[in-house]
Amino acid sequence: MRLAIAAVGRLKAGPERALIERYQERIAAGARALGFSALEVAEVSESRARREEDRRREEGVALLHRIGDSIAVAFDERGKILDSQGFARRLAGWRDGGARALTCVIGGADGLAPEVRERARMVLSFGAMTLPHQLVRVLVAEQLYRAMTILAGHPYHRE
């Protein structure tokens, strides 16, 4: 199953980019044995529209294009909270069910377009606090890596 993150905005050089690259390397090292691909990160441009709803709509169109026919998991503060074990079980279930791709979706500063939330198979939250989108990317990459270690029985994840 192909793994991807589709996010609004460009991540500049710095600690967040370094962490994501580190998790991409870790995922790539063990992905194939578990039936996954390396992690791709696709960035879509932030809209320059004046109105918030126009920005959200333009970014939503670009995100939907990146999602394509993959299973979409959107990250939004109003989403469901799921523990790491549950997330790993969902990934394994989709993989074992024949899903070809999974795209984790992160919106821009104005949030996700309603069409993206509706398209998502699941909407998850890291909690009620608002987090910087750059940090959410790192958290998503880490949770994908953690899910793989759980599925592999690796001691990275401890109860």
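In the predicted model, helices H3 and H5 are roughly perpendicular to each other, since an angle of 65 to 115 degrees falls in that class and their axes cross at roughly 75 degrees. Helix H3 spans residues 84-96 and helix H5 residues 133-152, and their axes come within 9 Å. On the H3 side, the contact is made by Ser84, Gln85, Phe87, Ala88, Leu91, Ala92 and Arg95. The H5 side contributes Gln143, Leu144, Arg146, Ala147, Ile150 and Leu151. By residue class, the contact of H3 with H5 comprises eight nonpolar, three polar and two charged residues.

Two residues of this contact, Arg95 of H3 and Leu151 of H5, also appear among the contacts of Leu34. Leu34 is located in the loop between H1 and S2. With a relative accessible area of 17%, Leu34 is buried, the cut-off being under 20%. Apart from neighbours within four places in sequence, Leu34 is in contact with Arg95, Met148, Leu151 and Ala152. The C-alpha atoms of Leu34 and Asp69, which are 35 residues apart in sequence, lie 21 Å apart in space.

The strands of the model form an open sheet of five members, in the order S2-S1-S4-S3-S5, with parallel pairing. Its edges are S2 and strand S5 (122-124), each of which pairs on one side only. From one strand to the next, the twist averages 30 degrees.

Within this sheet, strand S1 (residues 2-8) runs parallel to strand S2 (residues 39-44), and six bridges join the two. In this pairing, Leu3 stands opposite Leu39 of S2. The connection from S1 to S2 passes through helix H1 (residues 15-30), and the resulting β-α-β crossover is right-handed. S1 is likewise joined by six bridges to strand S4 (residues 101-106), again in parallel. Across this pairing, the bridge partner of Arg2 is Ala101, and that of Ile5 is Cys104.

Strand S3 (residues 71-80) pairs with S4 in the parallel sense over five bridges. Here Ala72 has Thr103 of S4 as its bridge partner. The chain passes from S3 to S4 by way of H3, in a right-handed β-α-β crossover. Helix H3 thus has two roles in this description: H3 lies on the path from S3 to S4, and its axis crosses that of H5 at roughly 75 degrees.

Strand S4 is largely enclosed by the rest of the structure, because six of its six residues are buried. In a regular strand, side chains alternate between the two faces of the sheet. In S4, both faces are covered, with Ala101, Thr103 and Val105 buried on one side and Leu102, Cys104 and Ile106 buried on the other.

Ile106 of S4 is also one of the residues in contact with Val8. Val8 belongs to strand S1 and counts as buried, at 7% relative accessibility. When neighbours within four places in sequence are set aside, the contacts of Val8 are Val44, Ser45, Glu46, Glu59, Leu63, Ile106, Gly107, Gly108 and Arg137. Val8 and Arg117 are 109 residues apart along the chain, and their C-alpha atoms are separated by 14 Å.

Notes
Residues numbered from 1 in each chain as written. Predicted model: local features only at pLDDT ≥ 70, side-chain atom pairs only at ≥ 80, totals over all residues. Heavy atoms only, no water. Axes fitted to C-alpha atoms, helices over the stretch in contact; angles between N-to-C directions. Helix = DSSP H or I, 4+ residues; strand = E, 2+ residues; numbered from the N terminus. Parallel < 35°, antiparallel > 145°, perpendicular 65-115°, else oblique. Contact = heavy atoms within 4.5 Å. Nonpolar A, V, L, I, M, F, W, Y, C, P; charged D, E, K, R; others polar. Pairing = 2+ DSSP bridges. Right-handed = clockwise from strand over helix to strand, strands pointing away. Buried < 20%, exposed > 50% of the residue type's maximum accessible area, 1.4 Å probe, protein only.
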